[in-house]
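Me: I'm new to this structure and would love a friendly tour. Could you show it to me first?

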Amino acid sequence: MTFDLSSIDFAKGGGLIPAVVQDADTLQVLTLAYMDEAALRETLDSGQATFFSRSRGGRWRKGETSGDFLNVVSVTPDCDGDAVVVKVRPVGNACHLNRISCFGEEDAPGLGRIGRLERTIHIRAQADPNDSWTARLLAQGPKRAAQKVGEEGVETALAGAAGDNAELASEAADLIYHLLVLLHARDMVFQDVLDVLARRAEPATMKADGKG
């Protein structure tokens with residue numbers, strides 16, 4: 001993992017910097033911990049989040065005793081170089097109270113639910129098709145998943161035209177689920193869709209600013 005340790009100002013915080021730990025898929029904040037230079041170096045070298053415990057007075061790697069590791073995807077410093085955001089894919093729970101996050105009991109709020117659903121689809125894809133609809137659908141290939149997206153799209157449109165809000169929400173949920181299954185079948189993720197939306201938004205932003 002490429003990272004310039006010299007860009008971090010450990011001296012400002014007495015040798016420690018705060019590390020905001022965030023789920024890489026759902027963007028949920030999992031915990032806030034601290035790192036000294038050795039802990040950050042070990043995090044970068046091992047690929048697993050390692051911190052400095054102020055209460056214990058030493059380094060600790062998350063998961064050493066619990067088995068709930070935090071596999072690191074990226075480490076990004078803030079603009080002043082005195083804090084970092086550590087994006088991870090957790091194995092188990094981040095909180096010592098056996099909760100997903102140290103900040104309340106809510107699981108992947110808001111649009112983070114998409115990332116959580118993608119992770120569930122990835123896990124279910126490995127299951128026995130006789131026991132999992134997701135595995136069974138994926139076993140039939142992208143064309144079958146695409147067919148289901150078409151069917152759910154029609155049902156969502158009909159609910160939008162003549163159904164109540166609860167029916168529309170339910171059908172839209174089915175549509176999104178099957179769309180994510182289709183993307184998985186094509187070795188894609190929802191971020192690929194978001195990237196397209198971001199590119200489409202860029203010209204509109206520039207035009208609004210008088211730059212295009």
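Me: Which residues does S101 touch, not counting residues up to four places away in sequence?
Reply: Happy to help! This is a predicted model, where local features need pLDDT of at least 70, side-chain atom pairs count only at pLDDT 80 or more, and totals for chains, interfaces and linings use all residues. Residues are numbered from 1 along each chain as its sequence is written, and side-chain values use heavy atoms, with hydrogens and water left out. Counting contact as heavy atoms within 4.5 Å, S101 touches Q28, V29, L30 and C95.

Me: Is S101 buried or exposed?
Reply: S101 sits in the loop between β6 (84-90) and α2 (112-124). Buried means under 20% relative accessible area, exposed over 50%, and partly exposed in between (1.4 Å probe, protein chains only). Because its relative accessibility is 1%, S101 counts as buried.

Me: Which backbone oxygen does the side chain of S101 reach?
Reply: The distance is 2.7 Å. The backbone oxygen belongs to V29.

Me: How does L32 count, given its relative accessible area?
Reply: L32 lies in strand β2 (residues 29-35). The relative accessible area of L32 is 43%, so L32 is partly exposed.

Me: Which side chain of opposite charge is nearest to D68?
Reply: D68 lies in the loop between β4 (58-61) and β5 (70-77). D68 is buried yet has no salt bridge, which would need a side-chain nitrogen of Lys or Arg within 4 Å of a carboxyl oxygen of Asp or Glu. At 5.1 Å, the nearest side chain of opposite charge is K62.

Key:
Helix = DSSP H or I, 4+ residues; strand = E, 2+ residues; numbered from the N terminus. Lys, Arg positive; Asp, Glu negative; His and termini not counted. Polar contact = N/O pair within 3.5 Å; in protein donor to acceptor, adjacent residues only side chain to side chain.
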